[in-house]
2 protein chains.
Amino acid sequence: MNIHIIGLGLIGGSLAKAILKYSPTHSVSGFDTDEDVCALAAADGVEIKEKAEADITFICLTPNKTIEYIKTCDSKGIIADVCGVKSVIAEAADETALDFVPCHPMAGRPVGGYANADADLWQKASFIITPTDKTKAISVEVIEKLALSIGFSDIAKTVPADHDRIIAYTSQLAHIVSNCYLKSPTLSDVEGYTGGSFQDMTRVGDFDPSLWSELFRCNKDNLLTELSRLIDNLREYSNKISEE
Amino acid sequence: MNIHIIGLGLIGGSLAKAILKYSPTHSVSGFDTDEDVCALAAADGVEIKEKAEADITFICLTPNKTIEYIKTCDSKGIIADVCGVKSVIAEAADETALDFVPCHPMAGRPVGGYANADADLWQKASFIITPTDKTKAISVEVIEKLALSIGFSDIAKTVPADHDRIIAYTSQLAHIVSNCYLKSPTLSDVEGYTGGSFQDMTRVGDFDPSLWSELFRCNKDNLLTELSRLIDNLREYSNKISEE
């Protein structure tokens with residue numbers, strides 16, 4: 001197959017590298033607005049072109065840019081996105097005639113960009129697909145097979161709304177907590193006084209604010225529910241400790 | 001040296017195993033109220049005896065039991081403890097004539113007990129010593145050398161109050177957050193929808209409540225300060241997301 005990747009950041013770049021490494025019978029083309037990134041990707045074997053009539057096009061952009069792209073896209077092949085929120089994306093896609101598969105590859109790194117992209121990022125990771133009434137089963141199957149061939153260990157399928165409800169808890173809330181954790185003034189004194197629990201708690205806290213604030217905004221209600229549950233539980237702890 | 005270990009749980013057991021593995025010129029004796037644990041430790045090379053006139057005695061008990069032990073102990077050798085809080089321990093020790101070194105080896109596992117003890121638990125971990133005005137420099141040096149010989153990568157030294165202030169943030173708060181995180185009803189739906197951020201956030205959340213509630217109680221004020229900071233930061237996030 002010809003696979004085209006729009007946006008060669010951490011996710012797009014890691015998909016490109018994983019396909020080239022683990023499924024080399026496919027050809028990979030792609031594009032990024034950053035010329036240096038295009039040069040790096042070309043050296044890795046990605047054919048650089050802005051538009052391609054591909055069998056699969058992965059849109060690897062932020063939610064807002066993904067929606068913009070969907071609105072103007074006229075590819076006849078399968079189109080998939082990789083956003084961490086799915087309802088807003090699936091709604092935008094359902095308004096078009098595209099053969100669209102809403103996806104969310106569940107892996108990442110605290111550092112973004114093509115330079116940090118890794119063919120092995122997907123090893124043992126879960127690949128989520130959130131079909132709507134308009135999604136073609138045959139296209140889901142093509143994406144599924146590709147995902148399993150490049151390192152993902154399992155495929156999870158659910159409707160977009162359910163995905164967003166669960167992901168608010170498993171991913172977005174974790175990023176917010178980790179970020180808030182790093183805001184204590186005690187942070188400046190921790191050297192020599194940390195073990196695994198601190199490292200784990202703070203690993204994802206230093207995220208790209210522009211990308212994540214978009215994700216938070218697109219999943220506002222679910223996230224507010226989880227935040228309020230967590231705050232209530234923390235407050236209960238605080239009360240119990242205070243009363244001994 | 002003869003090293004005696006009171007309490008052969010995860011920490012005492014891991015110290016015993018690490019000394020036997022990495023500093024085998026020392027002899028290790030120890031005791032646990034659980035006979036099965038004593039049998040396991042004996043098979044590993046620990047001489048089982050309740051009392052020993054050792055060069056170093058490590059008290060590897062919970063804070064309350066450590067304080068009880070300190071009050072009745074009459075050993076002439078160096079006594080060290082391993083509790084995650086230091087002010088209450090150092091105060092109790094300072095009221096005795098013991099040659100006492102308050103310590104906190106900064107590693108652990110979510111599962112306790114001798115069966116989970118590991119000679120390599122201390123690799124790359126920090127060993128904290130919190131001397132008071134009464135602590136002998138020569139005894140600190142003996143403990144320091146031993147710690148570095150069994151796998152710890154660095155020694156951090158500070159006064160007990162400062163330790164407790166920092167540890168409230170780097171360890172105790174992390175355990176509380178992780179535990180609260182696991183209390184969302186969404187937990188039952190996460191299979192297939194988690195990545196590294198969720199695993200990290202929840203790794204230490206399922207802790208031994210009796211041990212940790214003692215630690216929380218012994219470090220109440222510092223912990224309440226950090227909890228309130230975190231709750232404020234989470235509430236600020238919640239407000240910002242709510243206002244978009």
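**Where chain A meets chain B, and how chain A divides**

Hi everyone, let's start with a pair of helices: α9(A) and α6(B) cross in a right-handed way. Please keep in mind that this is a predicted model.

So you can find them on the screen, α9 covers residues 220-242 of chain A, and α6 covers residues 160-181 of chain B. Their axes come within 9 Å and cross at roughly 130°. That angle makes α9(A) oblique to α6(B), because it falls neither in the 65 to 115 range nor over 145.

Which residues make the contact? On the α9(A) side we have Leu230(A), Asn233(A), Leu234(A) and Tyr237(A). Facing them from α6(B) are Ile176(B), Cys180(B) and Tyr181(B). Sorted by class, that gives six nonpolar residues and one polar, with no charged residues in the contact.

Now let's stay within chain A. The domain assignment splits chain A into domain 1, residues 2-158, and domain 2, residues 163-242. The C-alpha centres of these two domains of chain A are 28 Å apart. As for the contact between them, domain 1 of chain A gives 14 residues and domain 2 of chain A gives 14 residues.

And which helices help build the domain 1 side of chain A? Look at α3 (63-72) and α4 (87-94) of chain A: each supplies at least two residues of the side that touches domain 2 of chain A. By class, that side of domain 1 of chain A has eight polar residues, five nonpolar and one charged.

Thanks for listening, and I'm happy to go back to any view.

Methods: Residues numbered from 1 in each chain as written. Chains lettered and ligands numbered in written order. Predicted model: local features only at pLDDT ≥ 70, side-chain atom pairs only at ≥ 80, totals over all residues. Axes fitted to C-alpha atoms, helices over the stretch in contact; angles between N-to-C directions. Helix = DSSP H or I, 4+ residues; strand = E, 2+ residues; numbered from the N terminus. Parallel < 35°, antiparallel > 145°, perpendicular 65-115°, else oblique. Left-handed = near helix turned anticlockwise from the far one by under 90°. Contact = placed C-beta atoms within 7 Å. Nonpolar A, V, L, I, M, F, W, Y, C, P; charged D, E, K, R; others polar. Domains from an automatic or database assignment.
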